[in-house]
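Let's take a walk through this one together, from the contact between two chains to a helix and then a sheet. Keep the 3D view open and turn it as you read.

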Amino acid sequence: MTDPNRLPADVDLEKASAARCYDYYLGGSHNFEVDRELARKVEARVPHVKPLAQNNRAFLRRAVRYCLDRGIRQFLDLGSGIPTVGNVHEIAQDRAPEARVLYVDNEPVAVAHSRTILEGNERADALQADFDSVEEILASEQAGRLLDLSEPIAVMMVALVHFVPDSAGPHETIRAYHERMPPGSYLGFSHVTHEGYPEFTQSIIDLYADSSNPVVSRTHEEVAELLSDFELVEPGLVYVPEWRPDTEEDRWEDPARSLVYGAVGRKV
Amino acid sequence: MNDTPVEEEPVLAGAPAGTSRQAAEPDPLVDFARRWSRAVIDTSYVPMSRPELWEFLTERVRRLLGTLLAEHHDGKAVAEVGAELVREHVVAPEALRRTLLLLGSELSELAARVEPGTVVPAGRRLELLASLAAGFDGAARDRVLAEQGVIQRAVLNARDAAEEALRSSEARFRAVFTSSALGIAVVGLDGVLQDVNDSMTVIFGVARERLLGCHMLELADPDWVDKLHKSDRALLAGATERFAVDVRYTTPEERTVWAQVSGALVTDGAGEPDYQVVLYADVTDRYMLQAELRRQATHDPLTGLANRTLLATRLQEALRPVPGNRRVGICYLDLDGFKTINDSLGHPIGDDLLCAVANRINNTATGHGALAARMGGDEFVVLVADTDGPTRMLGLVEHLLDEIGRSVRIGGHELNATASAGVVEQPVAGSDPEQLLREADITLYRAKEEGRAQWVMFDSERNAAARRRFRLSATMPAALDRHEFFVEYLPVRRLSDGRTVAMRADVRWDHPEYGELAAEQFVGLAEDTGAITRLNDWLLRQACAHAAHWVRRLGTEAPLVTVDLSGRYFRDPDLVSDFREILEETGLPAEQLRLAVPEQALFDEVGDPADTVDIVRELGAAFVVRDFGARYTESRRLRELPVTSVRVTGEYLRRLSEGPRPDPLDEHLVSSVISAAHLLDMTVVADGVDTAEQARRLRAMKVHAVQGACAGEPVSALEVPELFASSG
């Protein structure tokens with residue numbers, strides 16, 4: 001977006017947005033017919049897409065709370081999307097009102113939406129930037145105001161990196177964040193995989209291909225490689241329902257149906 | 001629904017601390033809340049953990065039971081529970097359906113367990129469900145509308161932000177666009193100019209309206225179109241991100257414009273090429289300067305003709321070995337008598353004449369497809385890189401000489417210049433550039449010698465002698481440095497007593513290639529090339545040093561020394577100081593020195609004695625007139641000068657000794673010269689006297705002294721004192 005040869009991106013409502021579909025799966029109404037159309041198509045092919053999305057959202061909640069319990073009071077939520085129900089600043093500031101949150105997304109509507117929601121909240125803001133613009137993000141006015149990189153921080157990349165193709169060098173970007181995170185910081189991470197139910201995942205890939213956010217699936221090994229700079233906390237990289245469920249009832253009979261791996265890593 | 005989460009009644013190993021007030025006894029309310037949780041938890045995302053939801057719903061069950069057990073139905077309180085569900089994001093219609101099913105079928109039973117004996121009338125139960133549904137639906141409707149409102153506002157804000165960014169970006173671009181000294185054009189993907197700034201109209205000298213709609217390629221001069229097209233194609237194809245090429249343009253007023261053209265592609269939001277921005281930097285001045293510098297490096301500043309450098313390059317190219325019998329021609333031209341014009345009319349006129357001649361040479365040469373170059377001074381070379389034999393070449397040469405010969409009017413003077421030409425025309429094979437130029441130069445020299453305003457064709461045999469002269473004159477300065485010259489002395493014998501009274505210095509050249517050379521083989525040449533000044537200076541220095549040595553050895557017995565100087569050297573203004581310095585340095589008494597010069601050298605242009613004469617007189621040296629009698633009628637002017645003797649030489653002297661009696665005419669001529677000399681109070685020295693008979697007859701005619709074979713063989717300077725020691 002800082003490429004001077006490119007005019008500012010227009011707001012394109014012709015194409016479905018992954019963020020607004022996600023909101024729909026969670027039961028939100030921050031979406032348009034074009035989004036719901038895609039979401040319903042996905043639901044027809046992946047009937048449990050709503051519980052799947054909700055599970056991923058619940059993973060975010062558990063990951064944020066995990067970090068809060070370890071004293072983290074600042075969050076950088078990358079690819080935050082529409083900060084619909086159960087977003088990071090609500091989770092964090094509910095427990096620790098002094099917690100600070102910076103949301104980053106490259107989609108102008110998501111950012112505008114975040115700003116609308118965050119009006120009056122001095123400890124949270126939203127920034128429009130690309131995931132790989134590490135320096136731009138960390139040098140931004142908002143980061144200067146909200147984040148203190150001499151203190152441990154939690155960086156959230158939940159349901160984000162499966163929108164980043166290998167050609168964009170996701171590992172290098174993650175490493176760049178890792179370098180800037182002080183020791184004792186955490187990374188919250190989840191990612192779609194095709195290993196358990198390739199047909200479901202393929203349906204999602206196919207359907208999202210024409211959206212603003214095409215999906216790239218990765219194997220357990222590939223995802224683990226992306227996280228190799230971090231020390232993963234128990235239970236490591238697992239299907240999200242398996243990651244520290246609140247109750248035994250929250251475990252899935254077949255966790256692989258969640259299609260999403262999750263992990264929290266610690267920078268040593 | 002719910003095919004994924006574990007279905008069976010959860011067996012909790014222990015409720016998470018602080019999330020449930022549940023004791024070991026299963027509380028029927030809590031148990032109910034858990035089942036309610038399970039019914040709704042997957043219908044939408046509820047932003048709390050399952051135990052938190054249990055707690056939340058336990059409280060709602062308690063309130064609903066309270067309402068149910070109250071005397072009257074409290075619709076508002078029940079509706080509030082419905083609204084609270086929505087507020088905690090239990091929002092799906094499916095959640096409401098399951099909630100109503102659960103409450104409708106089991107709430108009465110729960111009431112009975114909590115308050116044993118209670119019977120809830122069916123009407124009250126329905127009223128509760130209806131109120132709950134209404135509260136839920138109203139809140140859900142509000143929530144949907146609120147969320148739609150938020151997302152719509154977000155879209156508007158995002159659009160505003162994007163438009164604002166676009167506007168400020170456009171404003172920035174517009175400011176750069178209008179104020180830039182660079183020409184800026186917005187060019188479509190089809191190459192058509194869609195917008196241009198004011199600088200464009202200045203650079204191209206064309207109104208804005210005429211530029212718009214033009215194709216960017218159609219502006220460029222034809223020879224530059226391809227280059228620009230290629231660069232632009234690469235840009236449009238995405239092969240390059242930007243290009244920069246120098247392109248030449250011609251304005252409608254025929255002005256040449258050099259522009260550094262750079263282009264960049266602008267993409268739209270989706271990354272697709274949208275249009276190009278093309279910048280035109282006017283670099284005409286830089287280009288003109290470079291072109292001028294290039295031209296200056298290869299052209300003569302006065303005449304604008306090619307200079308030696310360019311000629312050398314072209315000659316090299318012309319002589320590049322190629323198959324076939326190609327021939328090359330060189331014409332070396334030199335204006336006749338240019339120095340006279342320069343000296344008499346002044347340099348500005350001389351320069352104008354050179355320019356006029358250069359112009360004619362250039363026009364003629366160009367007409368024949370040849371290159372004209374100025375070598376310096378009044379020398380020009382015409383190179384024909386591809387001749388077809390001597391005939392055509394000589395045609396060009398004659399044409400050149402004719403053109404140069406046409407009278408030219410300069411500053412009120414009608415000048416008739418002529419030129420001489422040395423021409424070489426030969427096969428390319430075996431020619432080398434330096435040799436070719438040298439041969440042409442030598443041939444030119446011969447043309448000059450054989451009379452002017454004509455050409456001479458190079459002929460290798462006839463040129464051998466000329467080349468030798470050329471070599472001698474070219475190597476003379478270096479030979480002086482290498483001490484290849486030496487001095488011999490010819491005795492001058494007085495006829496009255498047979499004593500040697502003087503030694504005549506005779507310069508010789510020990511040439512490494514041609515052997516020992518006598519003065520007459522190179523002195524004339526030295527006079528032509530100007531090397532005579534150094535040569536005479538050297539000779540004078542040597543002779544004085546030698547003579548001083550004799551004086552030191554022989555005292556009053558020492559012979560005079562006679563040094564032959566060229567007229568040109570004698571009139572050199574530097575001679576006066578040189579002369580003084582030489583005498584001082586060598587310590588030779590001036591009266592021991594005789595300078596032998598041509599008569600003409602003693603006088604300046606108007607016939608007065610030259611300044612040098614007075615100096616020589618003042619110092620005490622004297623002159624010998626070398627060619628006495630050549631200008632008989634003017635001889636009287638010698639009367640006042642420090643001339644002690646005259647030298648006579650020539651065929652008639654030799655003939656005096658031939659036959660039993662001398663020819664009366666010869667005798668008369670010699671006697672006349674001698675008489676004239678005596679009348680002027682000068683002694684006579686005869687040169688080239690080889691026999692005793694000659695000497696005898698000359699003595700009878702009152703010749704004072706002789707030199708030649710009969711006076712003695714030439715000796716070196718060191719031998720002179722011995723000569724006197726033996727004779728004395």
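The contact between the two chains draws on 36 residues of chain B and 38 residues of chain A. Bear in mind that this is a predicted model. On the chain B side, the elements that put in two or more residues are α2 (50-69), α5 (122-179) and β4 (256-267). The largest share comes from α5(B), with 17 residues. What sort of residues does chain B bring to chain A: nonpolar, polar or charged? They split into 20 nonpolar, 9 polar and 7 charged.

Now move along chain B to helix α9, residues 222-236. Here's a quick sanity check you can do yourself: with 15 residues at 1.5 Å a residue, the helix should span 21 Å, and its end C-alpha atoms are indeed 21 Å apart, so the two agree. Which of its residues are buried? They are B:L228, B:D232 and B:L235. Look down the axis of α9(B) and you'll see these buried residues fall within an arc of 45 degrees, so they line one face of the helix. That buried set packs against α8 (216-219), β3 (242-250), β4 and β5 (273-282) of chain B. Flip to the face turned away from the buried side, and you find the exposed residues B:D223, B:D226 and B:K230. After α9(B) comes B:G238, and its phi is positive, near 80 degrees.

Next up is a sheet in chain B. It's an open one of 5 strands, in the order β7-β8-β6-β11-β12, and the pairing is mixed. Why do β7 (371-376) and β12 (455-457) of chain B each have one side without a neighbour in the sheet? Both stand at the edges with a single partner strand, so there's no strand on that side. On average, neighbouring strands in this sheet are turned by 20 degrees against each other, ignoring direction.

Zoom in on one edge: β11 (residues 419-427) of chain B pairs with β12(B) in the parallel sense, over 3 bridges. There, B:V423 stands opposite B:M457 of β12(B).

Helices pack on this sheet too. α15 (residues 433-449) of chain B touches β6, β11 and β12 of chain B, and its direction makes about 140 degrees with that of β11(B). Helix α13 (residues 347-367) of chain B lies across β6 (327-335), β7 and β8 (379-387) of chain B, and runs at about 150 degrees to β7(B).

Definitions and conventions: Residues are numbered from 1 along each chain as its sequence is written. Chains are lettered from A and ligands numbered from 1 in the order in which they are written. This is a predicted model: local features need pLDDT of at least 70, side-chain atom pairs count only at pLDDT 80 or more; totals for chains, interfaces and linings use all residues. Two residues are in contact if their C-beta atoms, placed from the backbone, lie within 7 Å. Helices (H or I, at least four residues) and strands (E, at least two) are DSSP runs, numbered from the N terminus. Ala, Val, Leu, Ile, Met, Phe, Trp, Tyr, Cys and Pro count as nonpolar, Asp, Glu, Lys and Arg as charged, and the others, Gly among them, as polar. The expected span of a helix is 1.5 Å times one less than its number of residues. A residue is buried if 20 or more other C-beta atoms lie within 10 Å of its own, exposed if 12 or fewer, and partly exposed in between; C-beta atoms are placed from the backbone. The arc is that of the directions from the helix axis to the C-beta atoms. Two strands pair if DSSP finds at least two bridges between them. Axes are lines fitted to C-alpha atoms, for helices over the stretch in contact, and angles run from 0 to 180 degrees between N-to-C directions.
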